[in-house]
Amino acid sequence: LSHTASVIKWKFSSSVVLFLIFSSMVIALASKISIHTFNPYMEIIDVPILYWGILMAVFNLLAAFIARQTHLIEKKLGSMNSFIFIFIIWILGFVLMAKVHIFLAFLWPLLHWVMRPFRDIFFSDQINKRTESSRRATVLSMASFAGQFLQVFALPVFGYIIDVWSLETMYLLMGGMLAVMGFVGWVGIKISIKNS
């Protein structure tokens with residue numbers, strides 16, 4: 001308990017890590033929504049159920065390839081550009097899923113699928129770089145817990161939005177929320193790095 005308390009106290013003194021955790025929480029919520037609405041989305045765009053598993057298998061293979069290349073991509077883009085890239089792809093995925101129901105609409109979830117390992121590796125890597133080894137496992141566990149805690153409160157709200165309005169409306173709201181939260185996280189990280 002004393003170790004956990006000291007890590008919590010340290011996190012509030014390290015605002016870069018705090019904003020990284022905040023941003024990873026929001027993306028974790030987006031990921032959960034994307035995964036759990038895959039089936040109803042496929043129904044909306046009239047993809048036969050026979051192809052759902054095939055699409056998921058292809059998406060997972062591409063995600064594995066991206067996971068293997070993540071460090072190279074992150075090195076090429078740089079930390080802050082990688083952060084922006086993650087949010088832009090997630091927002092784009094939700095907007096396309098909400099509004100662009102064309103023949104190729106079955107490919108839109110691919111944007112989220114391939115960004116999941118990139119997101120996981122990026123945020124873990126950034127948190128690890130800024131955290132002492134004695135605190136690292138606890139900080140990562142707290143980041144995961146914070147993401148789950150947010151989902152407990154947010155998922156029923158988004159479920160209600162789907163019931164009252166539509167899945168497409170919820171996707172648009174999720175995209176808008178990611179834009180706002182991503183901007184807040186980006187500004188917070190930039191200011192924190194500048195002041196450190």
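Buried means under 20% relative accessible area, exposed means over 50%, and partly exposed is anything in between, using a 1.4 Å probe on protein chains only. By that yardstick Asp 46, at 65% relative accessibility, counts as exposed. This is a predicted model, where local features need pLDDT of at least 70 and side-chain atom pairs count only at pLDDT 80 or more, while totals for chains, interfaces and linings use all residues. Residues are numbered from 1 along each chain as its sequence is written, and side-chain values use heavy atoms, with hydrogens and water left out. Helices here are DSSP runs of H or I with at least four residues (strands are E runs of at least two), numbered from the N terminus.

**The nonpolar core**

- The largest nonpolar core (buried Ala, Val, Leu, Ile, Met, Phe, Trp, Tyr and Cys residues joined through side-chain atoms within 4.5 Å) has 50 residues.
- Two or more core residues come from each of α2 (15-36), α3 (38-44), α4 (52-77), α5 (79-99), α6 (108-129), α7 (133-164) and α8 (167-195).
- Tyr 41, Met 174 and Leu 178 are the residues with the most contacts inside this core.
- Taking contact as heavy atoms within 4.5 Å and skipping residues up to four places away in sequence, Met 174 touches Val 26, Leu 29, Ala 30, Ile 33, Phe 94 and Phe 158.
- As general background, nonpolar side chains tend to be buried together in soluble globular proteins.

**Pockets**

- Pockets and cavities are both found on a 1 Å grid over the protein atoms alone: a cavity is a set of points where a 1.4 Å probe fits but cannot get out, a pocket is an open set with protein on both sides within 12 Å along at least five of seven lines, and lining residues have an atom within 4 Å of a point.
- Grid points are joined across faces, edges and corners, and a volume is the space filled by probe spheres set on the points.
- The largest pocket comes out at about 290 Å³.
- It has 14 lining residues, and Ser 24, Ala 28, Arg 119, Asp 120 and Ser 144 are the closest to its centre.
- α2, α6 and α7 each put at least two residues into that lining, and α7 gives the most, with six.
- For residue classes, Ala, Val, Leu, Ile, Met, Phe, Trp, Tyr, Cys and Pro count as nonpolar, Asp, Glu, Lys and Arg as charged, and the others, Gly among them, as polar.
- On that scheme the largest pocket is lined by five nonpolar, seven polar and two charged residues.
- The second largest pocket has a volume of about 180 Å³, and its lining splits into ten nonpolar, one polar and no charged residues.
- Residues lining the second largest pocket include Ile 45, Val 47, Tyr 51, His 101 and Phe 106.

**The cavity**

- There is one cavity of 30 Å³ or more, and its volume is about 50 Å³.
- Its lining is made up of Val 16, Leu 20, Ser 79, Met 80, Phe 83, Phe 122, Gln 126, Arg 130 and Ile 189.
- α2, α5 and α6 each supply at least two of these residues, with α5 giving the most at three.
- By class, the cavity lining holds six nonpolar, two polar and one charged residues.

**Salt bridges**

- The structure holds two salt bridges, each being a side-chain nitrogen of Lys or Arg within 4 Å of a carboxyl oxygen of Asp or Glu.
- Arg 119 and Asp 120 make one of them, at 2.3 Å from N to O; Arg 119 is buried at 11% relative accessibility, and Asp 120 is partly exposed at 37%.
- Lys 129 also forms a salt bridge, with Asp 125, and the closest N and O atoms are 3.5 Å apart.
- Lys 129 and Asp 125 sit four residues apart in helix α6, so about one helical turn separates them.
- Lys 129 is exposed at 55% relative accessible area, whereas Asp 125 is buried at 19%.

**Single residues to look up**

- Asp 46 lies in the loop between α3 and α4, and its phi is near 60°, a positive value in a residue other than glycine.
- Ser 192 belongs to helix α8 and is buried at 7% relative accessibility.
- Ser 192 and Val 16 are 176 residues apart in sequence, yet 5.5 Å apart in space, C-alpha to C-alpha.
- Beyond its neighbours within four places in sequence, Ser 192 is in contact with Ser 15, Val 16 and Phe 19.
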